[in-house]
Amino acid sequence: MPKMLESSPNAALDKSLIQHYLTLPIPDGKCQATYIWIDGSGENVRSKTRTLDFVPNEPSELPIWNFDGSSTNQAEGSNSDVFLYPVAVYKDPFLRANNKLVLCDTYKFNKKPTATNRRFTCVQAMEAAKDHRPWFGIEQEYTLLDMDLRPLGWPKNGFPGPQGPYYCGVGANKVYARDIVEAHYRCCLYAGINISGTNAEVMPAQWEFQVGPCEGISIGDQLWVSRYLLHRVAEDYGVIVTFDPKPMEGDWNGAGAHTNFSTKIMREDNGIVEIEKAIDKLSRNHLRHIQAYDPKGGKDNERRLTGKHETSSIHDFSAGVANRGASVRIPRGCAEEKKGYLEDRRPASNCDPYAVTEAIVRTCILNE
Ligand code: ADP
Ligand code: MN
Ligand code: MN
Ligand code: MN
């Protein structure tokens, strides 16, 4: 048996000490800018911090920066510089004051986007579709893990009781680490993320938060920063966050990133006609979407989209009103009001929201 870590070294630190240092005054006009980017896995985020001698508000004010791409699977050691282009600025909920989080996308030495820069083509699609005012709301499911990679709070030599009491659960034997959920929620609000809610999920130690509605490229930007914030908060607690779409095999729900989508006409009276047209287009492009809905071209979702545990089969497209076993669901309220939005339930929890929203826009709006 490999030796298992009992707990994170982070959890053992006295968390109150940092308050002393964070209240030390810093020179006028200076701030710390933490640059955040997606690494070569297409799933994980990285960050590093620099001092600025001004306080930025717009990404265009921020300097381009670089990092060692050979250490993030984004370049070779012999030609390792990868460039960080700032695309969005948020308030930093950890350092507070004038300090900033700076989301970046990544470019190679020849100014071409890196392989995991899915934002580049997403922006082009959003620009072409912008008159349709595409809105997205993404439900981000995730699982908290202990340092031994077992779901947080699960017995070490057994399993919790079967699913049923945990979804939206309250109480010490129903949910684990609500502190992380609440801390993350506040961090998102402080930073300027349009987080719309949170709930405990069906599998114990699994949670969800929702971001949106956001228009165009901002959903991808905000979801990536909200993921960064979640990893960062959980780090303080010595807990691991996984976005794996099926962290536990067996009779345990997987984790998705249901993507709710509407256009201006869908939101207007009798928009249901337009919603149905979009669903028809989605039905004829199922494979393209499955390929875009996880970072491994469908391989990760194979474990999750089984047709059980509130999922559809990865092999077939289906749609229905209020049907949580369908690929695409029309919420009951939207069917009744004859307008609103559709929910694509296929994206995996570890999807790249740039790839997902680009595919939806190209299929449903640009008719590509
Ligand atoms: P579910 O019932 O599937 O659990 P949630 O309440 O978790 O749904 O999430 C619904 C999401 O849909 C939220 O992120 C919300 O912002 C988003 N949403 C609401 N209206 C629209 C709309 N018109 N277009 C796109 N997204 C929307
Ligand atoms: Mn939900
Ligand atoms: Mn959910
Ligand atoms: Mn949903």
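**Exercise 1. Determine whether L152 counts as buried or exposed, and locate L152 in the chain.**

Step 1. L152 counts as buried because its relative accessibility is 14%; buried means under 20% relative accessible area, exposed over 50%, and partly exposed in between, with a 1.4 Å probe and protein chains only.

Step 2. The position of L152 is the loop between β6 and α4 (178–191). Helices (H or I, at least four residues) and strands (E, at least two) are DSSP runs, numbered from the N terminus.

Step 3. L152 and Q206 are separated by 54 residues in sequence, and their C-alpha atoms are 9.0 Å apart in space.

The model is predicted: local features need pLDDT of at least 70, side-chain atom pairs count only at pLDDT 80 or more, and totals for chains, interfaces and linings use all residues. Residues are numbered from 1 along each chain as its sequence is written, chains are lettered from A and ligands numbered from 1 in the order in which they are written, and side-chain values use heavy atoms, with hydrogens and water left out.

**Exercise 2. Classify P59 by its relative accessible area, and state where P59 is found.**

Step 1. P59 belongs to the loop between β2 (45–52) and β3 (65–68).

Step 2. Because its relative accessible area is 21%, P59 is partly exposed.

Step 3. From C-alpha to C-alpha, P59 and Y90 are 9.7 Å apart in space, with their positions 31 residues apart in sequence.

**Exercise 3. Identify the protein donors of the manganese ion (ligand 3) and describe their spacing along the chain.**

Step 1. Donors are N, O and S atoms within 2.8 Å of the metal (3.2 Å for Na, K and Ca); water is not among the atoms, so sites may look incomplete.

Step 2. For the manganese ion (ligand 3), the protein donors are E141 (OE), E201 (OE) and E208 (OE), at 2.1 to 2.2 Å.

Step 3. Along the chain these donors follow the spacing E-x59-E-x6-E. Distant parts of the chain are thereby linked: E141 is in strand β6, E201 is in the loop between β7 (195–200) and β8, and the two are 60 residues apart.

Step 4. Both E141 and E201 are buried.

**Exercise 4. Find the residues that coordinate the manganese ion (ligand 2), and the residue that coordinates both ligand 2 and ligand 3.**

Step 1. E139 (OE) and E208 (OE) are the protein donors of the manganese ion (ligand 2), lying 2.2 to 2.3 Å from it.

Step 2. E139 in strand β6 and E208 in strand β8 are 69 residues apart, and the pair links distant parts of the chain.

Step 3. The manganese ions ligand 2 and ligand 3 are 3.9 Å apart, and both are coordinated by E208.

Step 4. E208 counts as buried because its relative accessibility is 5%.

**Exercise 5. Describe how the manganese ion (ligand 4) is held, and which residue it shares with ligand 2.**

Step 1. E139 (OE), E139 (OE), H258 (ND1) and E343 (OE) coordinate the manganese ion (ligand 4) at 2.0 to 2.6 Å.

Step 2. The spacing of these donors along the chain is E-x118-H-x84-E. E139 in strand β6 (residues 135–145) and H258 in the loop between β9 (240–242) and β10 (259–262) link distant parts of the chain, 119 residues apart.

Step 3. The shared residue is E139, which coordinates both ligand 4 and ligand 2, two manganese ions 3.9 Å apart.

Step 4. E139 counts as buried because its relative accessibility is 14%; H258 also counts as buried, with 8%.

**Exercise 6. Characterise the residues around ligand 1.**

Step 1. There are 18 residues around ligand 1, and E139, E208, G212, S262 and E343 come nearest. A residue is near a molecule or strand if one of its heavy atoms lies within 4 Å of it.

Step 2. β6, β8 (206–215) and β10 each contribute at least two residues to this shell, and β8 provides the largest share, 5 residues.

Step 3. An oxygen atom of ligand 1 is 3.0 Å from a polar side-chain atom of E208. For E139, an N or O atom of the side chain is 3.1 Å from an oxygen atom of ligand 1. For S196, the corresponding distance from a polar side-chain atom is 3.5 Å.

Step 4. Taken alone, ligand 1 exposes 580 Å², and the protein buries 77% of that. Accessible areas come from the Shrake-Rupley method with a 1.4 Å probe; for residues, only the protein chains shown count as cover.

Conventions: A polar contact is a pair of N or O atoms within 3.5 Å; within protein, one must be able to donate a hydrogen and the other to accept it, and residues adjacent in sequence count only if both atoms are side-chain atoms.
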